[in-house]
Amino acid sequence: MNNIIVAKGLRTIACSAMTVALLAITGYSATAQKADTLFIDQAIKEAVDTHPTVLQAAEALKVADARIALAKSNYLPTVDGVATVSHIGPVPSIDFGGKSFKMAPDNSYNAGVNVNQLIYDFGKTKNDVSAETQSKNLATVTIEQAKQRIASSVVGTYLSLLYLQKAKDIKNEQLRTLNSHLDIVTKKKATGSATEYEILTTKVRISNIESQRSDIITSLGVQQAVLNTLLGREVGSPVAVAKSIPANQPNVAADSLYRYAFANRSELKAASEKATLAEMKYKLAKMQNSPTLSAFANGGVKNGYVPYLNDPKMNYAVGLSFRIPIFDGNRTATNAIIAHSAIVSSGYDAEAIRRNVSIEVAEAKLSMEAAQSKIRQFEMQQQQALKALQLAEASYKAGSITNLDLLDATTSLSESQLYLIKSKIDYSNSLYKLKVALGEHLY
């Protein structure tokens, strides 16, 4: 009974020491709150809703609306008020009948309102509005891309945290087992049925597992900081992800993956929008030398009318203005060349994206298939390791193998469990990567 109490006491001390180490490494105090369980969909939504990259892209959409309104403003008249006062000298005059008559007042003033209205500009304003509308469409796709990038980052970090949490649990279990074996061989040595070699070897294994566990805890802290940053939380906030491994296959037939990706990837949509915008800008560049027809009207009050030069008079003027550029220093032709080059470049850009999409789909598909194969392999390995451990335990009780042989069987089982978890995490990660490659929204 005393031996049992001592063993339990040693295990309690070991667990307490490990807890203190965890708190020291992650920077949490003993009074820190327990982290709420965070599910992957919740994490993605929180990150997408608050990340500055997405908010910045949304702000660009507001600018696009403003630019459309600015382009449309050419359809509206411009109205401005004008008031001038001037003094001239010498004042022009004529002599008639021995008298001098002024032709203009010494002090002239003019106050009025000018109105200008574009009547026709041969489609320049219409094309300008269309180009700005196309820019808004591109800004909308840019928001989708920003959200997808943030969601992908969250998924990668979330799955890393999930693996590290499970790996830490396995290492904790290994330490409990090793400490239990150390208690046993220590007692056996006192009776002469175990050697110092067995004790030292067990302690070395404990030291190795503690070192591995320390690395895992450090990685946990780093990934928690990364996830908190993505979510917009305090870097040191506690984070605990759900223990279940998310795995949801895309609902796309295997023979349609590439066609589906080409139709749904936001990068290809953006390339298409850029190509359309480049064509519009090319058309707009060629129209910069087009004539414009405008109407104008102004009216107000001024002096200077003969014969009462200083009396104010109401006045007005209305008319049409037709402007046709003759020579602009080849600016229009040069701008057209630049705009046409953008069309050609957008075609190359779209083809490069298509090739990258093909590679991403192939890699994600092959990674998924490889992970599935590993899952089957490690499930079988785990069953074999479990059976081997059961046989080792029976042999150890019968005295046919040593404590170290039993520890080898225990370690093999723990490693097979860790490999199986890693393969499941890899499979889940490859599924998400395949969804991203196909253009399915993660948010």
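Tyr-120 is partly exposed, at 46% relative accessibility. In this predicted model, Tyr-120 belongs to one of two aromatic pairs. Its partner is Phe-122, with the ring centres 4.7 Å apart and the planes at 55°. The angle makes the pair tilted, because only planes over 60 degrees apart would count as edge-to-face. Phe-122 is also partly exposed, with a relative accessible area of 35%.

Phe-378 and Tyr-419 make up an aromatic pair that is likewise tilted, with 5.4 Å from centre to centre and 35° between the planes. This pair joins distant parts of the chain. Phe-378 sits in helix H8 (residues 331-398), and Tyr-419 sits in helix H9 (residues 403-438). The two are 41 residues apart in sequence. Phe-378 is buried, at 14% relative accessibility. Tyr-419 is partly exposed, with a relative accessible area of 39%.

Charged side chains also lie over aromatic rings. Arg-354 is placed over the face of Phe-262, at 4.1 Å from the ring centre. Lys-435 is placed over the face of Tyr-432, at 5.4 Å from the ring centre.

Side chains of opposite charge can pair when their charged atoms come close. The model contains 14 salt bridges. One of them joins Glu-267 to Arg-265, at 2.8 Å from N to O. Arg-265 is buried, at 6% relative accessibility. Glu-267 is partly exposed, with a relative accessible area of 27%. A network of salt bridges links Arg-265, Glu-267 and Glu-360.

Another salt bridge forms between Glu-59 and Lys-62, whose closest N and O atoms are 3.7 Å apart. Both residues lie in helix H3 (residues 52-72). They are three residues apart, about one turn of the helix. Glu-59 is partly exposed, with a relative accessible area of 42%. Lys-62 has a relative accessible area of 54% and is therefore exposed, the cut-off being over 50%.

Glu-196 and Lys-189 also meet through their side chains in a salt bridge, at 3.6 Å from N to O. Glu-196 is partly exposed, at 40% relative accessible area. Lys-189 is partly exposed as well, at 35% relative accessibility.

Asn-303 occupies the loop between strand S7 (292-302) and strand S8 (313-323). At 7% relative accessibility, Asn-303 is buried, because the value falls under 20%. Its side chain makes polar contacts with the backbone of two residues. A polar atom of the Asn-303 side chain lies 2.9 Å from the backbone oxygen of Asn-107. The Asn-303 side chain also reaches the backbone nitrogen of Tyr-109, at 3.0 Å. Beyond its neighbours within four places in sequence, Asn-303 is in contact with Pro-105, Asn-107, Ser-108 and Tyr-109. Leu-309, Asn-310 and Asp-311 complete this set of contacts.

Ala-225 is located in helix H5 (residues 196-231). Ala-225 is partly exposed, with a relative accessible area of 22%. Ala-225 and Ala-392 are separated by 167 residues in sequence. In space, their C-alpha atoms are 42 Å apart.

Confidence was examined along the chain. The average pLDDT is 89, and 92% of the residues score at least 70. Residues 1-33 have a pLDDT below 50. Beyond near neighbours in sequence, this stretch has 26 contacts in the model. Where pLDDT is low, the predicted coordinates should not be read in detail.

Note on methods: Residues numbered from 1 in each chain as written. Predicted model: local features only at pLDDT ≥ 70, side-chain atom pairs only at ≥ 80, totals over all residues. Heavy atoms only, no water. Salt bridge = Lys/Arg side-chain N within 4 Å of Asp/Glu carboxyl O. Helix = DSSP H or I, 4+ residues; strand = E, 2+ residues; numbered from the N terminus. Buried < 20%, exposed > 50% of the residue type's maximum accessible area, 1.4 Å probe, protein only. pLDDT = per-residue confidence, 0-100. Contact = heavy atoms within 4.5 Å. Polar contact = N/O pair within 3.5 Å; in protein donor to acceptor, adjacent residues only side chain to side chain. Phe/Tyr/Trp six-rings, centres within 6.5 Å; stacked < 30°, edge-to-face > 60°. Lys NZ or Arg CZ within 6 Å of the ring centre and 35° of its normal.
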